[in-house]
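Some labels need a reason behind them. The questions below ask for that reason, and the answers set each value against its definition.

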Amino acid sequence: MKRRELLRTGAALSGALTLAGCSRLMETRAAGVPPVPEDRPDGVYLPSHVEGMEMVGTASSGDYVVGLMYSYPHRFWNVNGENVSLTEIDTDDAVHLMASVWDADTEAILPDTGLSAEIYRNGSLVSQEAIYPMLSQPMGFHYGANFGLDGEGTYAVRLSVGAVSTRRTGAFEGRFADPATVEIPFEYSEAAKEEIEFRTLDDRAGTPGAVDPMGMEGLPDSFAPPESALPGRVLGAATSDDARLVVTALDGPPTGIDAEGTYLAVSARTRYNRMVIPAMGLSGRLERDGEAVYDGEFARTLDPDLGYHYGAVVDGVESGDTLTLSTTVQPQTARHEGYETAFGGVTGGMPDVTVEAP
């Protein structure tokens, strides 16, 4: 039995004894959601519809600030290794909760933290769900899941942040190592939810492209740095299944990496709107005159200047060297509609790409 089913069963038994007729689960917008577009391209495409979101609140603990938002329940695609599966909207889903975690000092969005959510009402647990790392076109990277609620009213959402598992360098070295928990009050009403924007894209749905990012006051964005703002010497860029991989070379690795040599950083971002793509496995082969001078992993790394990237230390880069990048594991993030066919996704893997040093 799912955790939510268990809680609902317990609530029903309790309600039968003390609150008969008072407990009900919220209806959803599932019936009004357009179908997934037919003939979707192998890559990023405009979804069938766009839903807005509302800020619930923020809270901070230690190094972290956590923002909580909500919208209508969404369908989305889970990614587990190479397996990609559609999660439909359940009849008892009331909201799609979204959370972002960022650094209190720099406002850098922090992927790879791990996040869990529990919803309480009057001190009793109402809902508990895994909350997935996700990519959406309007918001970029965030955590999200659909939740059932027990009617309108005031809830407390408890969000537990795990330690960041990604290598940290520069001023981030030694930070984000501890877990933290915050609690954010959530006043829920159907009337307020129904005021959130919902619009269809009609004839444009299913065509290549992406909807514009959705800015929100108090919520940092999850853009990757512009190519012109990356430190070092940008060697070039290539696109694999609509993931744009920008390669820059630094004279040495950032502090926190115990090695000597040239540091190659690969900044992965979505085509069209430059959202950071985290949580994938990446390897690279650097060749000079047909011989490999590096062949190995590009490690997930979080750095305040480079942003979230994939990095490796090599023994120098010369003009004419070629770097072939291979995705060993597609991004382990759930996808909102319009991204499930890109970055590996439901339509296949990510082909190797090659960048030649100028």
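Q: Why is Glu227 called partly exposed?
A: Its relative accessible area is 30%. Buried means under 20% relative accessible area, exposed over 50%, and partly exposed in between (1.4 Å probe, protein chains only). So Glu227 counts as partly exposed.

Q: What kind of model is this, and how are residues numbered?
A: This is a predicted model: local features need pLDDT of at least 70, side-chain atom pairs count only at pLDDT 80 or more, and totals for chains, interfaces and linings use all residues. Residues are numbered from 1 along each chain as its sequence is written, and side-chain values use heavy atoms, with hydrogens and water left out.

Q: What makes the contact of Glu227 and Arg244 a salt bridge?
A: The N to O distance is 3.1 Å. A salt bridge is a side-chain nitrogen of Lys or Arg within 4 Å of a carboxyl oxygen of Asp or Glu. The pair therefore meets the definition. Glu227 is in the loop between β14 (198-200) and β15, and Arg244 is in strand β16, 17 residues apart.

Q: Why does Arg244 count as partly exposed?
A: Arg244 has 31% relative accessibility, so it falls in the partly exposed class.

Q: How do you know that β16 pairs with β15?
A: Strands are DSSP runs (E, at least two residues), numbered from the N terminus. Two strands pair if DSSP finds at least two bridges between them. β15 (residues 233-240) and β16 have seven bridges, in the antiparallel sense. So they pair. Gly236 stands opposite Val247 in β16.

Q: How do you know that β16 also pairs with β17?
A: Eight bridges join β16 to β17 (residues 262-270), so the definition is met. The two strands run antiparallel. Arg244 stands opposite Arg269 in β17.

Q: What makes β16 mostly covered?
A: Seven of the eight residues in β16 (residues 243-250) are buried.

Q: Why is Asp105 called exposed, and Arg175 buried?
A: Asp105 has a relative accessible area of 62%, so it is exposed. Arg175 has 15% relative accessibility, so it counts as buried.

Q: How do you know that Asp105 and Arg175 form a salt bridge?
A: Their closest N and O atoms are 3.4 Å apart, so they pass the test for a salt bridge. Asp105 and Arg175 also belong to a network of salt bridges with Asp63 and Asp103.

Q: How many salt bridges are in the whole structure?
A: A search finds 13.

Key. Helices (H or I, at least four residues) and strands (E, at least two) are DSSP runs, numbered from the N terminus.
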